[in-house]
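Work through the exercises below with the sequence and the model open. Each task is followed by a solution in steps.

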Amino acid sequence: KEYLDLEYQEIDDESLIPENELNYINNVKYQRKFGKIITLDSEGYKYRNGLFKTLNGIDLYNEKQSLVAFGIYDGKEFSIGYTLSDLLAKIRVLKFKYTNISIFAHNYNYDLKITGLFDFILNNKLFDNLERDFMALDKMIYIKYKNKNSFIEFIDSTNYFKMPLKNILSTLSLSKFADSEDYDLDFEEWNDYISKNYRALLESDTKG
């Protein structure tokens, strides 16, 4: 399996973003229409990756994750896949169906890496007949492939809402399938939990 070394993204002050990136992202955020809105989420198994430190007699470990599954939702159809190839194939289907698509995820840093999209995007300036037009992967995440007829863009919803997904959903009187305590389960308990519940988690987080 492919394993993910977790490096969680921290959203910093916009003043730290290079001006050319900030101008482009602000144009995306405030001055243009999106394509068909698609939502994406992914879940992974957790594995110990070396002792981090011992605190009050408790061993704390670094962790790696491997992809269990991703979920993707276009407002009508929810589907699940298990590999990067599955995800790329689904994106191609959605592009053919809608021409212009805007794929949102919350904390894309995680989803890009655990699905393998991160390496794919870094290593491919072309996606089928689309050319990579812009890529910001630092303080804010926005990636766009386009030609004169269509585009695919990957947008982190934390560009707009700098808060946990559960807080966003609560403002809409919605809730996540998983409670906060679920994410504090140890490695074995989490893996058992996710193997039983990944579909419900993915459906909850993509459909809201």
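**Exercise 1. A charge and a ring**

Which residue lies over the face of Phe-127, and at what distance from the ring centre?

Solution. The model is a predicted one.

Step 1. Find the residue over the ring: Arg-92 lies over the face of Phe-127, 5.0 Å from the ring centre. For an Arg, the cut-off applies to CZ, which must be within 6 Å of the ring centre and within 35 degrees of the ring normal.

Step 2. Look for another case. Lys-144 lies over the face of Phe-151, with 4.7 Å to the ring centre.

**Exercise 2. Aromatic pairs**

Find how many aromatic pairs the whole structure holds, and describe two of them.

Solution.

Step 1. Searching the whole structure gives seven aromatic pairs.

Step 2. Take Phe-34 and Phe-104. Their rings are 5.3 Å apart, centre to centre, with 80° between the planes. Planes over 60 degrees apart count as edge-to-face, so this pair is edge-to-face.

Step 3. Place the two residues in the chain. Phe-34 is in the loop between helix H1 (19-30) and strand E2 (36-55), while Phe-104 is in strand E5; they are 70 residues apart, and the pair links distant parts of the chain.

Step 4. Compare exposure. Phe-34 has a relative accessible area of 32%, so it is partly exposed. Phe-104 is at 13% relative accessibility and therefore counts as buried.

Step 5. Take Phe-127 and Tyr-145. This pair is tilted, with 5.9 Å centre to centre and 55° between the planes. Phe-127 belongs to strand E6 and Tyr-145 to strand E8, 18 residues apart.

Step 6. Check burial again. Phe-127 has a relative accessible area of 3% and is buried; Tyr-145, with 1%, is buried as well.

Step 7. Extend the pair to a cluster: ring pairs link Phe-127 and Tyr-145 with Phe-120.

**Exercise 3. The two sides of H2**

Determine which residues of H2 are buried and how they are arranged around the axis.

Solution.

Step 1. Check the length. H2 has 15 residues and reaches 21 Å from its first C-alpha to its last, close to the 21 Å expected at 1.5 Å a residue.

Step 2. List the buried residues of H2: Leu-87, Leu-88, Lys-90, Ile-91, Leu-94 and Lys-95. They cover an arc of only 160° around the axis, so they are on the same side of H2.

Step 3. Turn to the other side of H2, where Ser-85 and Phe-96 are exposed.

Step 4. Relate H2 to the interior. The largest nonpolar core has 23 residues, and Ile-103 and Phe-154 have the most contacts inside it. Among the elements that give two or more residues to this core are E2, H2, E5, E8 and strand E9 (151-156). H2 gives the most, with four residues.

**Exercise 4. Hairpins**

How many residues lie between E6 and E7 in their hairpin, and how many between E7 and E8?

Solution.

Step 1. Establish the first pairing. E6 and E7 pair in the antiparallel sense over two bridges. One partner to look up is that of Leu-126, which is Glu-131 in E7.

Step 2. Count the turn: two residues lie between E6 and E7 in this hairpin.

Step 3. Establish the second pairing. E7 is also antiparallel to strand E8 (residues 141-146), over six bridges. Here Ala-136 stands opposite Tyr-142 in E8.

Step 4. Count again: the hairpin of E7 and E8 has three residues between the strands.

**Exercise 5. Positive phi**

Where in the chain are Thr-99 and Asp-128, and are they buried or partly exposed?

Solution.

Step 1. Recall the background: most residues other than glycine have a negative phi.

Step 2. Read the angles. Thr-99 has a positive phi of about 75° although it is not a glycine. Asp-128, also not a glycine, has a positive phi of about 55°.

Step 3. Locate both. Thr-99 is in the loop between helix H2 (84-98) and strand E5 (100-105). Asp-128 is in the loop between strand E6 (126-127) and strand E7 (130-137), in the turn of the hairpin.

Step 4. Judge exposure. The relative accessible area of Thr-99 is 36%, so Thr-99 is partly exposed. Asp-128, at 45% relative accessibility, counts as partly exposed too.

Definitions and conventions
Residues are numbered from 1 along each chain as its sequence is written. This is a predicted model: local features need pLDDT of at least 70, side-chain atom pairs count only at pLDDT 80 or more; totals for chains, interfaces and linings use all residues. Side-chain values use heavy atoms; hydrogens and water are left out. Buried means under 20% relative accessible area, exposed over 50%, partly exposed in between (1.4 Å probe, protein chains only). The expected span of a helix is 1.5 Å times one less than its number of residues. The arc is that of the directions from the helix axis to the C-beta atoms. Two strands pair if DSSP finds at least two bridges between them. Rings of Phe, Tyr and Trp (its six-membered ring) pair if their centres lie within 6.5 Å; planes under 30 degrees apart count as stacked, over 60 as edge-to-face and the rest as tilted. A nonpolar core is a set of buried Ala, Val, Leu, Ile, Met, Phe, Trp, Tyr and Cys residues joined through side-chain atoms within 4.5 Å.
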